[in-house]
Amino acid sequence: MTGKNMEVHKRRWRVSPYGRRAVLVDLDGQEDVLGLHGALDQEQPDGVTELVPAARTLLVRFDPDRTSHERLTDDLLRHSTVDVSARANREVVIEVRYDGEDLGEVAEYTGLSVAEVVERHEQGGYVAAFCGFAPGFAYLTGLDPILHVPRRATPRTRVPAGSIAIAGEYTAVYPNSSPGGWRLLGHTGHPVWDTERARPNLLTPGTRVRFTRARR
């Protein structure tokens, strides 16, 4: 099939047109998304202008004067995913004060003590899977399964910038003050989004993240 109705499968991938200037790649999970994102970073097909990863998809935007849906799909299907652990060699260490308002509730929900919640969170090895919700808001995978707790029933109208939070299978750092329903474990003064930097987003997809407890 060609044109607007074209949909091509590879392994467990599905590549479909997404408007005039993009294709959407559906993959099996976040490891595959990060792996394909890494492969395309290393060897970007002609005409590609932007890669936008999500939980199970990768949006590939392109310049229609340089390529087409059909040609780009062929280029994508020639790629294989790269090993995420080998690719994610940039690590960001974020110092955290574990003083969040929801620590007690998380402890009660999980059956852990507050100290154990902090220890489990601090010991996690995290990777920024994708960004969304707000500029610089990175969804970090690698959270200990026992800390997979639901969002608050009633979101807060204001979560301070730098808040460290968890919800479902993810942990995150709020880049700016905003409403939010994630459960707060602590806060950091480490700016993850700064428009004064050459690269405003500190936690781009594929970045490894390690949290460490503030000692003072």
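Two strands are said to pair if DSSP finds at least two bridges between them. This definition will be needed at the second stop of the tour. The model on the screen is a predicted one.

**The whole chain**

Begin by displaying the entire protein chain as a cartoon. The chain has five helices and 14 strands. Taken along the principal axes, its C-alpha atoms fill a box of roughly 55 × 35 × 35 Å. Of its 216 residues, 48% count as buried. Consider next the contacts between residues at least 6 apart in sequence: 61% of these join residues at least 24 apart.

**Strands E3, E4 and E5**

Select residues 57-62, which form strand E5, and add residues 48-53, which form strand E4. These two strands run antiparallel and are joined by five bridges. The connection from E4 to E5 is a hairpin of three residues. Which residue of E5 is the bridge partner of valine 52? The partner is leucine 59. Another position to highlight is leucine 51, which stands opposite valine 60 in E5.

Now add residues 22-26, strand E3, to the selection. Strand E3 is also antiparallel to E5, and five bridges join the two. Leucine 24 stands opposite leucine 59 in E5. Leucine 59 may therefore be displayed together with two residues, since valine 52 is its bridge partner and leucine 24 stands opposite it.

Show the surroundings of E5 before moving on. Five of the six residues of this strand are buried, so E5 is largely enclosed by the rest of the structure.

**Aspartate 65**

Follow the chain onward from E5 and select aspartate 65. This residue is found in the loop between E5 and helix H2, which covers 69-77. Is aspartate 65 buried or exposed? Its relative accessible area is 74%, and a residue over 50% counts as exposed, so aspartate 65 is exposed. For a distance across the model, select valine 33 as well: the C-alpha atoms of aspartate 65 and valine 33 are separated by 26 Å, and the two residues are 32 apart along the chain.

**Helix H1**

Valine 33 leads to the next selection, helix H1, residues 30-42. This helix has 13 residues, which at 1.5 Å a residue should span 18 Å; the C-alpha atoms at its ends are 18 Å apart, in agreement with that value. Colour the buried residues of H1, which include Gln30, Val33, Leu34, Leu36, His37 and Leu40.

**Threonine 141**

Gln30 is one of the residues in contact with threonine 141, so long as neighbours within four places in sequence are left aside. Select threonine 141, found in strand E8. At 14% relative accessibility, this residue counts as buried. Its other contacts, on the same terms, are Gly125, Tyr126, Val127, Ala129 and Tyr170. Glycine 125 is 16 residues away along the chain, and the C-alpha atoms of threonine 141 and glycine 125 are separated by 8.2 Å.

**Phenylalanine 133**

Select phenylalanine 133, in the loop between strand E7 (126-131) and strand E8 (138-141). Most residues other than glycine have a negative phi. Phenylalanine 133 has a phi near 75°, a positive value in a residue other than glycine. At 54% relative accessibility, phenylalanine 133 counts as exposed.

**Glycine 100**

Turn to glycine 100, placed in the loop between strand E6 (91-96) and helix H4. With 15% relative accessibility, glycine 100 counts as buried. Which residues are in contact with glycine 100, leaving aside its neighbours within four places in sequence? They are Leu184, Leu185 and Gly186. Add alanine 165 to the view: it lies 65 residues from glycine 100 along the chain, and their C-alpha atoms are separated by 8.3 Å.

**Helices H4 and H5**

For the last stop, select helix H4, residues 103-110, and helix H5, residues 114-122. Two packed helices are described by the angle between their axes and the distance between the axes. Here the axes come within 8 Å and cross at roughly 90°, which means that H4 is roughly perpendicular to H5. Display side chains where the helices meet: Leu103, Gly104, Val106, Ala107 and Thr110 of H4 make the contact with Val114, Val117 and Val118 of H5. By class, the contact has six nonpolar, two polar and no charged residues.

Conventions: Residues are numbered from 1 along each chain as its sequence is written. This is a predicted model: local features need pLDDT of at least 70, side-chain atom pairs count only at pLDDT 80 or more; totals for chains, interfaces and linings use all residues. Side-chain values use heavy atoms; hydrogens and water are left out. Axes are lines fitted to C-alpha atoms, for helices over the stretch in contact, and angles run from 0 to 180 degrees between N-to-C directions. Helices (H or I, at least four residues) and strands (E, at least two) are DSSP runs, numbered from the N terminus. Angles under 35 degrees count as roughly parallel, over 145 as roughly antiparallel, 65 to 115 as roughly perpendicular and the rest as oblique. Contact means heavy atoms within 4.5 Å. Ala, Val, Leu, Ile, Met, Phe, Trp, Tyr, Cys and Pro count as nonpolar, Asp, Glu, Lys and Arg as charged, and the others, Gly among them, as polar. The expected span of a helix is 1.5 Å times one less than its number of residues. Buried means under 20% relative accessible area, exposed over 50%, partly exposed in between (1.4 Å probe, protein chains only).
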